[in-house]
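Hi,

Here is the structure I said I would pass on. Have a look at it first, and my notes on what turned up follow below.

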Amino acid sequence: MRLYIWLVCSFLLLAPCFAHPQPKRFSSDLPKLVIAIVIDQFRYDYLERFEAHYLPATRASGGFKRLLEHGALFTNAHYHYINTYTAPGHSTLFTGVLPAKSGIVGNEWIDRNTGQTVYCVTDTTVFAVGIEPRSSAGRMSPRNALTGMVTDRLKAASPNSKVIGIALKDRGAILPAGKTATAAYWFDAASGKWISSSYYFPNGELPKWVHAFNDRRLPESYLGKVWTRLLPDTAYPMPDTVQGESNLLGETLPVFPHKIVDISTLNDPRLRRAKRFDAIAPTPFGNELTIEFAKAAIEAESLGKRGVTDILTLSFSSPDYCGHAFGPDSQEQMDMIVRLDRQLDDFFQYLDRTLGFENCLLIVSADHGVSPLPELLQPDGQRGIRLYKATFLDSLRKLVDARYPNVIENLENDEIVLSHAVMKAMGYSACDVERFVGECARSLHGIIGYVTRTDLEHGSLDPTGRMVKHSFHPARSGDVKLLLKPYSFFAFAQTGTTHGTAYAYDTHVPILFCGKGIRSGKFGRMAFVEDLAPTLHRLLRLPSEAAYYDGTPLFEILDNIASSRSKSRLTK
Ligand SMILES: [Zn+2]
């Protein structure tokens, strides 16, 4: 009997070692399709400020309010780092780690080993698919990311799952979809086609359905169309134009109505580098185009209908283009977001008809916020300052060269890049040079502080310093991070606005989950964007998430997991 018990126990202990991995059976609790939506430059306050104009929620209709009614919203979610740009935002949302670890510290950065400027998703080892193979618009992949994404973890656990990323912007499509994605598609504004790269399609061929979609020539149908206000004029509490707004391509005034100009018909030498379909992106037609392509992907790839969980990542790039031109307080941005509410309503009704909304897990967040136009007086009595890289570097070099000649190489992502070679050859102490450069910069207009590489590697840091550290990668970052006065930035032009600071207007974004297994409600505690990926990891019941993420799951919204945890506590 003892021997029998011993044999049974041994078998039970050893059984897991010999067991073949079973193909994961589809659980009815798991979503059939995860749709992870990133709204580019969707500041948290847009949800509240424009709420009165969103469609009411019903069981079968509504845009933002449908998600808010049935889902969980984190009202105080922030980016936890200073480099609040598009690529780090998309990367952090889906890697669940900070830019310091993913290496995606900016849309571009200077590779400190080669001195070359690197675009976040450029990959010269791959070729464009869907257009001329050598076209730089298509030579893209997620290879520069140093960590995998939550989407990759689904693919590893469930190889039959499909993960597809879609956005007008290449980086908005590629980074969320991950390293093992089925595909990422982005919009080529020169040809008006959705394209991809040989990273996803080594045979150099787009799927037939993508050709069929491109053949519909939807972008051409937008040329000549007019963007008018959706709501009555009196619904917009702000003037149509204020100082600091930019003109859209081909226009002479930043006011409604806006016409979608065919750039190829213009004879303006300033638009030499502009592409034929560039005028679509800053308008609501850009979101419409993205949704139409997403519907085609869902249908042709049978997403959510194959007995496994699929993921579609959808990034809406148009609010960012519009926000850069007109600012967050403009009629244009208000109209863009209110129209997006209608476009989401249409998309959700499409999901109702095809998959059942209740079979989908919807996630909404944003990659960063945005500063008001610096010319506008803010409620705190301050205005911002437009700084210009070339004149700023001239002034800084005049001050620094007197003591340390030729040490300043460049300025990228608000970081002064110093020549390590010159410092070494001259025997300068890096710590001394960094501090001197920081002090000189602080004496210039618009700069209120700095954090040095030495501080980041060895010093004790205040909360802003820690946000700088979270964006710092030794081989991809500069040597002196400049801290700018509120509402101030290095500008490309005398109009428009941007993002990229540690101020709340850039860091505060919504995190919204809606679907099966989500406890609905509003949650006001501080949450961080790197928490989103581990939360999705839990929702998909993927194994052992702890090792991958800087963030922690947002446990209070995980209905099933919370209840199974409390049950196990009761039985102990
Ligand atoms: Zn962005």
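Before the notes, one term: two residues count as being in contact when their C-beta atoms, placed from the backbone, lie within 7 Å. Also keep in mind that this is a predicted model.

With that cut-off, I started from Thr313. Leaving out residues up to four places away in sequence, Thr313 touches Ala36, Gly165, Pro176 and Ala177. Thr313 sits in strand β11, which runs over residues 310-316. Is Thr313 buried or exposed? The cut-off for buried is 20 or more other C-beta atoms within 10 Å. Thr313 has 30 of them within 10 Å, so Thr313 is buried. There is also a longer link along the chain to look at: Gly178 is 135 residues away from Thr313 in sequence, and their C-alpha atoms are separated by 10.0 Å.

Now the overall layout. The protein chain splits into domain 1 (34-374 + 507-539) and domain 2 (386-490). Taken over C-alpha atoms, the domain centres are 32 Å apart. Where they meet, 19 residues of domain 1 and 18 residues of domain 2 take part in the contact. On the domain 1 side, α5 (99-102) and β3 (108-110) each contribute at least two of the residues that touch domain 2.

Next, a sheet. It is an open one with 4 strands, ordered β14-β15-β17-β16, and the pairing is antiparallel. At the edges are β14 (408-412) and β16 (447-452), each of which pairs on one side only. From one strand to the next the twist averages 25°. If you want one pair to zoom in on, β16 and β17 (residues 480-484) pair in the antiparallel sense over 5 bridges. Thr452, for instance, has Val480 in β17 as its bridge partner. Packed on this sheet is α15, which touches β14, β15 (415-418), β16 and β17. The direction of α15 makes about 170° with that of β16.

That helix is worth a closer look. α15 covers residues 430-442, 13 residues in total, and spans 18 Å from its first C-alpha to its last, close to the 18 Å expected at 1.5 Å a residue. Which residues of α15 are buried? They are Val433, Glu434, Val437, Gly438, Cys440 and Ala441. These residues lie on the same side of α15, because they cover an arc of only 165° around the axis. As background, an α-helix has 3.6 residues a turn, so residues three or four places apart point the same way.

Cheers

How values were computed. Residues are numbered from 1 along each chain as its sequence is written. This is a predicted model: local features need pLDDT of at least 70, side-chain atom pairs count only at pLDDT 80 or more; totals for chains, interfaces and linings use all residues. The expected span of a helix is 1.5 Å times one less than its number of residues. A residue is buried if 20 or more other C-beta atoms lie within 10 Å of its own, exposed if 12 or fewer, and partly exposed in between; C-beta atoms are placed from the backbone. The arc is that of the directions from the helix axis to the C-beta atoms. Two strands pair if DSSP finds at least two bridges between them. Axes are lines fitted to C-alpha atoms, for helices over the stretch in contact, and angles run from 0 to 180 degrees between N-to-C directions. Domain bounds come from an automatic or database domain assignment.
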